[in-house]
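Colleague: Before I use this model, could we go through it together, beginning with the whole chain and ending with single residues?

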Amino acid sequence: MNLDRLRTLHAVARHGSVSGAAEGLHVTTSAVSQQLAKLERETGQQLLAKNGRGIRLTDAGRLLSDHAARILSQVELAQADLEAQRGHAVGELLLGAFPTAVRGLFPDALSRLRTEHPQLNVRLQEMEPDESVPSVVRGDIDLAVVLDWYNKPLPMPGGLVKAALLDDPVDVAMPADHPLADRHAVEPEDFVDDEWISWPKGGFCYDWLMVTLRGKGIEPRIRHTAHEHHTQLSLIAAGLGIAVVPRLGRGPVPEGVRMVPVSQPTMRRHIYAIWRADADRRPSIRAAVEVLRSVGEKIID
């Protein structure tokens, strides 16, 4: 049985559709269908059946997909051992990271990896943790940089390894004419009567803000939402509210905005890298983590 065809079947099982498998494998739906048809001929078994407008795995398809998962895991272990035996980072490394990490960590990190490990071909995708964690589990990417908050950990599936990169402090961003703009430090409780600018509802960081403020007896009035911190800061510069803004990847602060530190030292984001345990011995993983941690330390300093 061809390994690429087993990988294709496993992708269909993971994604639940031919189109999802095609997207995860970065190929066309036609290529997925062709691989599956060849695999059915090789095995002499029907592996897929129609299910309404979609497809489902047959009993034989589920059985072979389970074997494929174990086979692919062993292949990854073999690749990791071979790379480890060479003793240096080579080949391709696929990375994913949330937007402020892409902006704050990766320009320097990718430049250093290219200089220090010229045989390593690194590719980066911007993605939020709810995308990148499943992508690491599925094997679509090799390593992800993700985040959680001091009082809201990110759920982590089994079979993954993680390494801390840095802790990211937060400040309260407010208009320059705000009554607390000249303070050296503030508490969330100081803003009971303010209107807030937040991340969009339903996101991990939005949920953290709600839990944190409500835990301090504050029912926040969310007036505006925006994904990007730069957009939030522009709204604040116009006098439209306040926001909690992490420091990683922040960039220049617009005129008319004051950043005041939060006095509570625990109020910060934890930034860390995750990868599959099967790939733990790969020098390329270790090289990426080492460089990312070094860049993060400079940011904190």
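The conversation below moves from the overall chain to helices and then to individual positions.

Modeller: This is a predicted model, in which local features need pLDDT of at least 70 and side-chain atom pairs count only at pLDDT 80 or more, while totals for chains, interfaces and linings use all residues. Residues are numbered from 1 along each chain as its sequence is written, and side-chain values use heavy atoms, with hydrogens and water left out.

Colleague: How many helices and strands are there in the chain?

Modeller: Helices (H or I, at least four residues) and strands (E, at least two) are taken as DSSP runs, numbered from the N terminus. The C-alpha trace of the chain spans about 75 × 50 × 30 Å along its principal axes. The chain contains ten helices and eleven strands.

Colleague: What share of the residues in the chain is buried?

Modeller: Buried means under 20% relative accessible area, exposed means over 50%, and partly exposed lies in between, with a 1.4 Å probe and protein chains only. Of the 301 residues in the chain, the buried ones make up 44%.

Colleague: What separation is found between the centres of domain 2 and domain 3?

Modeller: The chain is divided into domain 1 (3-83), domain 2 (90-166 + 269-298) and domain 3 (170-268), with bounds that come from an automatic or database domain assignment. Domain 2 contributes 18 residues to its contact with domain 3, which contributes 16 residues, where contact means heavy atoms within 4.5 Å. Taken over C-alpha atoms, the centres of domain 2 and domain 3 are separated by 27 Å.

Colleague: Which residues does UniProt list for "domain: HTH lysR-type"?

Modeller: The record is an unreviewed entry, and UniProt positions are given in the numbering used here, with feature names shortened and annotations that may be inferred rather than shown by experiment. Over this stretch the chain is 62% helix and 14% strand, and the end C-alpha atoms are 18 Å apart. For that feature UniProt lists residues 1-58.

Colleague: Are H2 and H3 roughly parallel or roughly perpendicular?

Modeller: The axes of helix H2 (residues 18-25) and helix H3 (residues 29-43) come within 8 Å and cross at roughly 105°; axes are lines fitted to C-alpha atoms, for helices over the stretch in contact, and angles run from 0 to 180 degrees between N-to-C directions. Angles under 35 degrees count as roughly parallel, over 145 as roughly antiparallel, 65 to 115 as roughly perpendicular and the rest as oblique. The crossing angle therefore makes H2 and H3 roughly perpendicular.

Colleague: Which elements do the buried residues of H2 pack against?

Modeller: In H2, the residues Val18, Gly20, Ala21, Ala22 and Gly24 are buried. After H2 comes histidine 26, whose phi is positive, near 60°. The buried residues of H2 pack against helix H1 (3-15), H3 and strand S2 (54-57).

Colleague: Is glutamine 45 buried or partly exposed?

Modeller: Glutamine 45 is placed in the loop between H3 and strand S1 (48-51), and, not counting residues up to four places away in sequence, glutamine 45 touches Glu40 and Ala60. Because its relative accessibility is 44%, glutamine 45 counts as partly exposed.

Colleague: Which residues does glycine 296 touch, not counting residues up to four places away in sequence?

Modeller: Glycine 296 has its place in helix H10 (residues 283-300) and counts as buried because its relative accessibility is 0%. Its C-alpha atom is separated by 30 Å from that of histidine 224, 72 residues apart along the chain. With that sequence exclusion, glycine 296 touches Leu105 and Leu166.

Colleague: Which residues is threonine 212 in contact with, leaving aside its neighbours within four places in sequence?

Modeller: Threonine 212 lies in helix H8 (residues 204-215) and is buried, with a relative accessible area of 3%. Leaving those neighbours aside, threonine 212 is in contact with Tyr150, Asn151 and Met267.

Colleague: What is the relative accessible area of serine 198?

Modeller: Serine 198 has its place in strand S7 (residues 195-198). Leaving aside its neighbours within four places in sequence, its contacts include Tyr206, Leu209 and Ile222. Serine 198 is buried, and its relative accessible area is 1%.
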